[in-house]
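I opened this notebook to keep a record of what I looked up, one entry at a time. The sequence and the model come before the entries.

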Amino acid sequence: MQDTLEPLFEIVTNTIGGFVDFIVLLLTSIPPFLLILIIAFIAFWVSRWTIGLFSFIGLFLIYNLGYWEPMIDTLALVLTSVFISIIIGIPIGIWMSQSNRVQGVLTPILDFMQTMPAFVYLIPSILFFGIGLVPGIISSVIFAMPPTIRLTNLGIRQVPKDLIEAANAFGSTSQQKLFKVQLPLATSTIFAGINQSIMLSLSMVVIASLVGAPGLGSDVYRAVTQIKVGVGFEAGLSIVILAIILDRISQNIKIKKN
């Protein structure tokens, strides 16, 4: 596979690496205090003032502790992983919802993806993509994508049968029924799947640091290997703050969609 598909692996590596570099460049081009205000405003707008205040204080604490740049790297890694999970996972979930046979084939594969220890995903990633950021993202995508697929499938299948029958009675095509009836009604469930993918991507941050992925995970890993309790606690606290902010924002975006 390395000899035959090496050009493909290089394309994937350059594409993912370039996308991450673009996100990092975009976020670092904004002054830290201004970016803190923007994220806090987004949290306040989609949720309530307490979440906005927590986001402001939490991000300012990360900046004050000196973990702003690693936090940006971690955020870029998570956003890239979730973006790939969405563009691949939602179409697969839609495909599963339209065919019981496809669901029967893919369900064991998703079970395998979710139950396999996350460290194992690093082995083929290193072989095909080398050491660095890309293997960490590939491993994160494999680990985080199943909830998006499962809940997209579940949300569409849970659309009330009478609404499907009404759409059929009005002569809707399969495409019209999917985009105008099933997907709008399944939006909240799909967003729940995306929320879970975000959390699973963040859980892979420290593991991805084992293969050279930058970010807060690498600080935690170095703190563990060098027995630096304070550094490990600070980096871990930064990951927790970032996780809470992303979780609350994604949850409340789902609620707003309702």
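**Entry 1, a serine.** In which helix is the place of Ser85? I looked it up, bearing in mind that this is a predicted model, and found Ser85 in helix 4. I then asked whether Ser85 counts as buried or exposed. Its relative accessibility is 1%, and since buried means under 20% relative accessible area, Ser85 counts as buried.

Next I looked up what surrounds this residue. A polar atom of the side chain of Ser85 lies 2.8 Å from the backbone oxygen of Ser81. When I left aside the neighbours within four places in sequence, I found Ser85 in contact with Ile90, Val141, Ala144, Met145 and Thr148.

**Entry 2, helix 4 and helix 10.** I stayed with helix 4, which covers residues 68-98, and noted that its axis comes within 9 Å of the axis of helix 10, residues 187-203, the two crossing at roughly 140°. Helix 4 is therefore oblique to helix 10, as angles over 145 degrees would be needed to count as roughly antiparallel. I recorded the crossing of helix 4 past helix 10 as right-handed.

Which residues make this contact? From helix 4 I listed Thr74, Val78, Ser81, Val82, Ile86 and Ile90, and from helix 10 Ile190, Ile194, Ser197, Ile198, Ser201 and Leu202. Sorted by class, the contact of helix 4 with helix 10 has 8 nonpolar and 4 polar residues, and no charged ones. I noted that Ser81, whose backbone oxygen appeared in my first entry beside the side chain of Ser85, is one of the residues listed here from helix 4.

**Entry 3, helix 6 and helix 7.** I then turned to helix 6, residues 122-129, and helix 7, residues 133-157, which pack at an angle of about 140° with their axes 9 Å apart. That angle makes helix 6 oblique to helix 7, and helix 6 passes helix 7 in a right-handed crossing. On the side of helix 6 I found Leu122, Ser125, Ile126 and Phe129, which meet Val134, Pro135, Ile138 and Ser139 in helix 7. The residues of this contact divide into 6 nonpolar and 2 polar, with no charged residue.

**Entry 4, a phenylalanine.** Last, I looked up Phe233, which is found in helix 13, residues 229-257. Is Phe233 buried or exposed? Its relative accessible area is 59%, and because exposed means over 50%, Phe233 is exposed. I also noted its separation from Ser139: the two are 94 residues apart in sequence and 25 Å apart in space, C-alpha to C-alpha.

How values were computed:
Residues are numbered from 1 along each chain as its sequence is written. This is a predicted model: local features need pLDDT of at least 70, side-chain atom pairs count only at pLDDT 80 or more; totals for chains, interfaces and linings use all residues. Side-chain values use heavy atoms; hydrogens and water are left out. Axes are lines fitted to C-alpha atoms, for helices over the stretch in contact, and angles run from 0 to 180 degrees between N-to-C directions. Angles under 35 degrees count as roughly parallel, over 145 as roughly antiparallel, 65 to 115 as roughly perpendicular and the rest as oblique. A crossing is left-handed if the near helix is turned anticlockwise from the far one by less than a right angle, and right-handed if clockwise. Contact means heavy atoms within 4.5 Å. Ala, Val, Leu, Ile, Met, Phe, Trp, Tyr, Cys and Pro count as nonpolar, Asp, Glu, Lys and Arg as charged, and the others, Gly among them, as polar. Buried means under 20% relative accessible area, exposed over 50%, partly exposed in between (1.4 Å probe, protein chains only). A polar contact is a pair of N or O atoms within 3.5 Å; within protein, one must be able to donate a hydrogen and the other to accept it, and residues adjacent in sequence count only if both atoms are side-chain atoms.
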